[in-house]
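Me: I have a protein model open and would like a close look at a single part of it. Please take one residue, place it in its surroundings, and then set it against the whole.

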Amino acid sequence: MRKIYIFDTTLRDGEQSPGVNLNTREKVEIAMQLEKLGIDRMEAGFPAASPGDLAAVNAVARAVKNTTVIGLARSREQDIDAVKEALKGAQDPCIHIFLATSPIHRQHKLRMDKAQVLDTARSAIRYSRKLFDKVEFSLEDAGRTEYDFMVEMVKMAVQEGAKVVNIPDTVGYLTPYEYGSIFKHLKENVPDIEKVQLSAHCHNDLGMATANTLAAILNGADQIEGTINGIGERAGNTAIEEIAMALETRLEFFQAKTSLQLSEIARTSRLVSRLTGMVVPGNKAIVGANAFAHESGIHQDGMLKEKTTYEIMTPETIGLKESKLVLGKHSGRHAFRERLIELGYELSEEEVNLAFAKFKDLADKKKEVSDEDILALLEIELADTPEVFKLETLFVTYGNQAVPTAKVLMVKDDGQKIEEEAEGNGSVDAIYNAIDKASGEDVTLSDYSIQSVTHGKDALGEVHVILTQNEISVTGRGVSTDILEASARAYVDALNELIEKRKTYSNRVDYKS
Ligand code: KIV
Ligand code: ZN
């Protein structure tokens with residue numbers, strides 16, 4: 001049975017999703033969870049982009065103990081030096097350098113001929129090898145590169161001592177047959193190819209990223225690259241959970257497996273969704289809310305008779321448990337704490353007290369508190385962005401024949417109380433106008449989404465917003481049994497994040513430049 005190495009790029013390619021902007025604390029939180037998931041290698045960012053990005057990669061490098069931490073660099077010495085600096089303190093550092101190889105990129109982006117691309121990449125790998133034991137080299141847009149030039153580039157990377165050579169389908173253009181054939185061709189035509197690991201990196205523009213990656217595995221890829229929930233540039237990257245479960249479920253067919261702790265998939269997916277603000281669609285394979293739901297009578301009947309009639313994998317495998325509705329307003333701190341431990345949270349006394357107070361508030365409003373409710377509360381409670389603004393009270397008037405108005409009372413971290421009132425096109429708009437006045441911040445609401453945490457009339461509503469100010473964009477999240485309050489809390493959460501981010505933000509370099 002072959003082992004397939006998993007290279008996670010949620011913190012780099014995933015973070016390139018429009019509207020996603022993770023701060024250092026969030027990156028470290030995701031990195032720690034990726035480590036629990038058993039990822040072999042994780043790409044923590046692109047250190048040359050800005051000092052803030054470099055610091056974030058460094059924080060991940062120092063926090064992670066059992067996973068290789070990787071920094072991305074263009075084929076330039078200053079980028080390579082930045083990765084060296086960022087990976088100080090890493091247990092197992094690795095650099096990932098790339099250069100575009102396709103005719104389109106050579107002509108229009110790089111303005112280099114084949115010989116210049118070959119030389120530039122050779123110098124970059126050579127320079128990297130002086131600083132790093134582990135070097136991965138990527139042929140950006142390999143999917144649209146001539147076969148003979150690809151062979152020449154890979155041959156050079158092998159000779160220069162790269163440990164991994166990555167063959168990205170950067171623009172998600174290829175079909176599984178074509179992508180798999182590239183791996184076969186390289187295996188058959190590059191001398192000493194067994195000295196390197198070949199890696200697959202697919203984008204999902206035509207919805208074929210997972211199929212293409214599996215085709216690469218069938219044709220000899222040793223490593224696959226992807227992100228949690230498939231987030232990433234444009235239509236995203238290969239979703240790691242899909243590859244993991246395809247290999248697990250069809251083990252006999254693929255004859256290959258990963259070392260992932262599959263029971264951590266659901267938790268990892270939820271964390272990435274919460275911190276990136278990218279809501280997972282209900283019908284998303286493996287981690288969507290409906291992935292294990294059975295609606296039609298015929299299916300339900302089949303499931304009751306024998307689960308395998310309609311279920312090819314179990315929700316328990318990815319760490320989903322049936323919610324046990326036992327906690328309510330009479331539950332004590334001890335029972336609450338036990339449930340937290342079952343859910344995988346080992347909290348300090350102070351954190352348990354804070355979470356318990358929130359739980360009691362919720363139990364007053366909601367008859368039964370489910371695991372999902374507790375997780376939603378904890379995720380808000382444990383976030384540690386400094387609260388410059390706190391929403392104290394919210395008052396909304398609405399009638400279908402009247403202009404909605406909202407009044408907010410906000411408290412600043414210096415104790416100042418600010419009350420403001422505003423009108424809007426709807427209740428949420430009125431609330432956001434009032435908060436804008438109170439905070440004095442000029443922001444654009446780039447995205448707003450709302451979902452229910454559980455079912456029923458008294459379910460918690462979870463709101464995600466993306467706010468943009470100049471080049472900075474941040475996400476915010478709010479949870480409440482009332483959707484207007486959840487909307488207000490998400491907005492204030494994002495404002496606090498914005499104020500924090502502004503302190504460290506300096507002009508970022510676009511890695512594709
Ligand atoms: O898609 C791509 O080509 C990339 C490279 C930087 C590896 O993300
Ligand atoms: Zn990519």
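Reply: A good place to begin is S75, which touches F98, L99, T120, A121, A124 and F137 when residues up to four places away in sequence are left aside. This is a predicted model, and the description of S75 and its neighbours should be read with that in mind. Along the chain, S75 sits in the loop that joins β4 (68-74) to α3 (77-86). Although S75 belongs to a loop, S75 is buried, because its relative accessibility is 12% and the cut-off for a buried residue is under 20%.

The distance to another part of the chain can be given as well: N470 lies 395 residues from S75 in sequence, and the C-alpha atoms of the two are separated by 30 Å. By the domain assignment, the protein has domain 1 (2-276), domain 2 (333-381) and domain 3 (389-502). The C-alpha centres of domain 2 and domain 3 are 24 Å apart, and 10 residues of domain 2 make contact with 10 residues of domain 3.

Two other loop residues can be set beside S75. R234, in the loop between β9 (223-226) and α9 (240-249), has a positive phi of about 50° although R234 is not a glycine, and its relative accessible area of 42% makes R234 partly exposed. Q255, placed in the loop between α10 (251-254) and β10 (256-257), likewise has a positive phi, near 55°, in a residue other than glycine; with a relative accessibility of 41%, Q255 counts as partly exposed.

Turning to the whole, the protein has 17 helices and 16 strands. Its radius of gyration is 25 Å, close to the 24 Å that the globule rule gives for 513 residues, so the protein is as compact as a globular protein of that length. Taken along the principal axes, the C-alpha atoms fill a box of roughly 70 × 60 × 45 Å. Buried residues make up 53% of the 513 residues, and S75 is one of the buried residues. Of the contacts with a separation of 6 or more, 67% are between residues 24 or more positions apart.

As for the surface, the protein exposes about 23000 Å², of which carbon and sulfur atoms supply 50%. The protein carries 61 positive and 81 negative charges, and the mean positions of these two sets are 3 Å apart.

Definitions and conventions: Residues numbered from 1 in each chain as written. Chains lettered and ligands numbered in written order. Predicted model: local features only at pLDDT ≥ 70, side-chain atom pairs only at ≥ 80, totals over all residues. Heavy atoms only, no water. Helix = DSSP H or I, 4+ residues; strand = E, 2+ residues; numbered from the N terminus. Rg over C-alpha atoms; globule rule 2.2 N^0.38 Å. Buried < 20%, exposed > 50% of the residue type's maximum accessible area, 1.4 Å probe, protein only. Contact = heavy atoms within 4.5 Å. Areas by Shrake-Rupley, 256 points an atom, 1.4 Å probe, with all protein chains shown as cover. Lys, Arg positive; Asp, Glu negative; His and termini not counted. Charge placed at Lys NZ, Arg CZ, Asp CG, Glu CD. Domains from an automatic or database assignment.
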